[in-house]
Amino acid sequence: MTTQENVGAVIAFITPGILRLLMENRNLTLEDASDTLYNSQIYRALEDEKTKLWRLGYPLLYDLLEEELLTGKITYPEEQI
């Protein structure tokens, strides 16, 4: 059974990859990349166990974050919502 605590552990595993992509693709410092990620809708949704976004790999989560940053909207994968 997946618990909110387990999701936290998965998030800790996923976030470094997202942060790395933010730093590489947007030329951000670690601090700016962290602020961008942790203040995003995607991160709030990722923290919510019910969304099951933690099942996605960090490259797809990064793409969803980029969509949010560019458009203000997120197109969630069908099977996740």
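Reader: Where is the place of Lys 52?

Author: In this predicted model, Lys 52 sits in the loop between helix 3 (41-47) and helix 4 (58-71).

Reader: What makes Lys 52 count as partly exposed?

Author: The relative accessibility of Lys 52 is 24%. A residue is buried under 20% and exposed over 50%, so Lys 52 at 24% belongs to the class in between.

Reader: What is notable about the phi of Lys 52?

Author: Lys 52 has a positive phi of about 65°, although it is not a glycine. Most residues other than glycine have a negative phi.

Reader: Which other residue, not a glycine, has a positive phi, and where is it?

Author: Asn 27 has a phi near 55°, and its place is in the loop between helix 1 (4-26) and helix 2. Asn 27 has a relative accessible area of 69%; the cut-off for exposed is over 50%, and therefore Asn 27 is exposed. A positive phi also occurs at Gly 72, about 80°, just after helix 4.

Reader: How do you know that Lys 52 forms a salt bridge with Glu 49?

Author: The closest N and O atoms of Lys 52 and Glu 49 are 2.5 Å apart. The rule asks for a side-chain nitrogen of Lys or Arg within 4 Å of a carboxyl oxygen of Asp or Glu, so the pair Lys 52 and Glu 49 qualifies. The partner Glu 49 counts as buried, at 14% relative accessibility.

Reader: How many salt bridges does this rule give?

Author: The count comes to 3 salt bridges. Side chains of opposite charge can pair when their charged atoms come close.

Reader: Why is the contact of Arg 20 with Glu 24 called a salt bridge?

Author: The closest N and O atoms of Arg 20 and Glu 24 are 3.3 Å apart, and the limit is 4 Å, so the pair is accepted. Both residues lie in helix 1, 4 residues apart, about one turn of the helix. Arg 20 is partly exposed at 34%, and Glu 24 is partly exposed at 46%.

Reader: What does the salt bridge of Arg 26 and Glu 66 tie together?

Author: The side chains of Arg 26 and Glu 66 meet at 2.7 Å, N to O. Arg 26 lies in helix 1 and Glu 66 in helix 4, so this pair ties together parts that are 40 residues apart in sequence. Arg 26 is partly exposed at 33%, whereas Glu 66 has 14% and is buried.

Reader: Which residues of helix 4 are buried?

Author: They are Leu 61, Tyr 62, Leu 64, Leu 65, Glu 66 and Glu 68. Helix 4 has 14 residues and reaches 20 Å from its first C-alpha to its last, close to the 20 Å expected at 1.5 Å a residue.

Reader: How do you know on which side of helix 2 the buried residues lie relative to one another?

Author: The buried residues of helix 2 (residues 30-38) are Ala 33, Ser 34 and Leu 37. They cover an arc of only 100° around the axis, which puts them on the same side of helix 2.

Reader: With which residues is Leu 37 in contact, leaving aside its neighbours within four places in sequence?

Author: Leu 37 is in contact with Thr 15, Ile 18, Leu 19, Leu 22, Tyr 43 and Leu 65. Thr 15, placed in helix 1, touches Leu 37, Tyr 38 and Tyr 43, not counting residues up to four places away. Thr 15 has 7% relative accessibility; buried means under 20%, and therefore Thr 15 counts as buried.

Reader: Why is the pair of Tyr 38 and Tyr 43 called edge-to-face?

Author: A search of the whole structure finds 1 aromatic pair. The ring centres of Tyr 38 and Tyr 43 are 4.9 Å apart, and the limit for a pair is 6.5 Å. Their planes stand at 75°; the edge-to-face class holds angles over 60 degrees, so the pair is edge-to-face. Tyr 38 is partly exposed at 37%, whereas Tyr 43 is buried at 12%.

Reader: Which residues touch the most other members of the largest nonpolar core?

Author: Of its 21 residues, these are Ile 18, Leu 22, Leu 37, Leu 46, Leu 53, Leu 61 and Leu 64. Helix 1, helix 2, helix 3 and helix 4 are the elements that give two or more residues to this core. Helix 1 supplies the largest share, 7 residues.

Notes:
Residues are numbered from 1 along each chain as its sequence is written. This is a predicted model: local features need pLDDT of at least 70, side-chain atom pairs count only at pLDDT 80 or more; totals for chains, interfaces and linings use all residues. Side-chain values use heavy atoms; hydrogens and water are left out. Buried means under 20% relative accessible area, exposed over 50%, partly exposed in between (1.4 Å probe, protein chains only). The arc is that of the directions from the helix axis to the C-beta atoms. Rings of Phe, Tyr and Trp (its six-membered ring) pair if their centres lie within 6.5 Å; planes under 30 degrees apart count as stacked, over 60 as edge-to-face and the rest as tilted. Contact means heavy atoms within 4.5 Å. The expected span of a helix is 1.5 Å times one less than its number of residues. A nonpolar core is a set of buried Ala, Val, Leu, Ile, Met, Phe, Trp, Tyr and Cys residues joined through side-chain atoms within 4.5 Å.
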